[in-house]
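Here is a short walk through one protein chain. Please keep the sequence and the 3D view side by side as you read.

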Amino acid sequence: MFENSRAFSGFSSDDIPKAKQFYGETLGLDVSESHGILTLRLSGGGQVVIYPKPNHEPATFTVLNFPVDDVDAAVDELGRRGVRFEHYDRPDLKTDERGIMRGNGPTIAWFKDPAGNILSVLEPTPM
């Protein structure tokens, strides 16, 4: 039924102008806005919409993952752009001093957008 549908994902933000600046300028994505809704155009043809929601509550899970060749290099570059990485110290989830989890699945680092939604950079695991 949906094999030819060009599906997309979406999540909310409480401040569309801040989100537009973050995704467009800080992360360098191709962002457009129409009727107060942002569209992120991702490499490979995918799209994500970010819609305004006054009573927005940040997702408690990762809403968008960015595969990169080198998480350390991505953390360095995003850090220079003002991005702060999350730090976890739980039995099942531990990050190092830079906010990078290693050796428990893919190498990954989590950060938040201005609305508090969780994003990540990760090194894809070979298939």
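Helices (H or I, at least four residues) and strands (E, at least two) are DSSP runs, numbered from the N terminus. By that count, the protein chain has two helices and ten strands. Along the sequence they follow the pattern β-α-β-β-β-β-α-β-β-β-β-β. The radius of gyration, taken over C-alpha atoms, is 15 Å for the protein chain. The globule rule (2.2 Å times the number of residues to the power 0.38) gives 14 Å for 127 residues, so the chain is as compact as a globular protein of that length.

A word on the model itself. It is predicted: local features need pLDDT of at least 70, side-chain atom pairs count only at pLDDT 80 or more, and totals for chains, interfaces and linings use all residues. Residues are numbered from 1 along each chain as its sequence is written, and side-chain values use heavy atoms, with hydrogens and water left out.

Now take the chain as a whole. Its C-alpha atoms fill a box of roughly 40 × 35 × 25 Å, taken along the principal axes. Contact means heavy atoms within 4.5 Å. Among contacts between residues at least 6 apart in sequence, 54% join residues at least 24 apart. The accessible surface (Shrake-Rupley method, 1.4 Å probe) comes to about 8100 Å². Carbon and sulfur atoms hold 50% of that surface.

What lies inside? Residues count as buried under 20% relative accessible area, exposed over 50%, and partly exposed in between (1.4 Å probe, protein chains only). Of the 127 residues of the protein chain, 39% count as buried. In soluble globular proteins, nonpolar side chains tend to be buried together. A nonpolar core is a set of buried Ala, Val, Leu, Ile, Met, Phe, Trp, Tyr and Cys residues joined through side-chain atoms within 4.5 Å. The largest such core has 28 residues. Within it, Tyr-23, Leu-27, Phe-111 and Val-121 touch the most other members. Both helices contribute: α1 (16-26) and α2 (71-80) each supply at least two residues of this core. So much for helices; the strands that do the same include β3 (37-41), β4 (47-52), β5 (62-67), β9 (108-112) and β10 (118-122). Apart from this core lies another, of seven residues, among them Met-101, Ile-108, Trp-110 and Ile-118.

Look next at helix α1. Thr-26 lies in this helix. Is Thr-26 buried or exposed? At 16% relative accessibility, Thr-26 counts as buried. Leaving out residues up to four places away in sequence, Thr-26 touches Gln-21, Leu-78, Arg-81 and Val-83. Gln-21 lies in α1 as well. With 44% relative accessibility, Gln-21 counts as partly exposed. Gln-21 and Gly-10 are eleven residues apart in sequence, and their C-alpha atoms are 17 Å apart in space.

Two loops complete the tour. His-35 is found in the loop between β2 (30-34) and β3. Its phi is near 55°, a positive value in a residue other than glycine. His-35 counts as exposed, because its relative accessibility is 80%. Gly-46 lies in the loop between β3 and β4. Its relative accessible area is 30%, so Gly-46 is partly exposed. Beyond its neighbours within four places in sequence, Gly-46 is in contact with Leu-40 and Arg-41. Gly-46 and Arg-6 are 40 residues apart in sequence, yet 8.4 Å apart in space, C-alpha to C-alpha.
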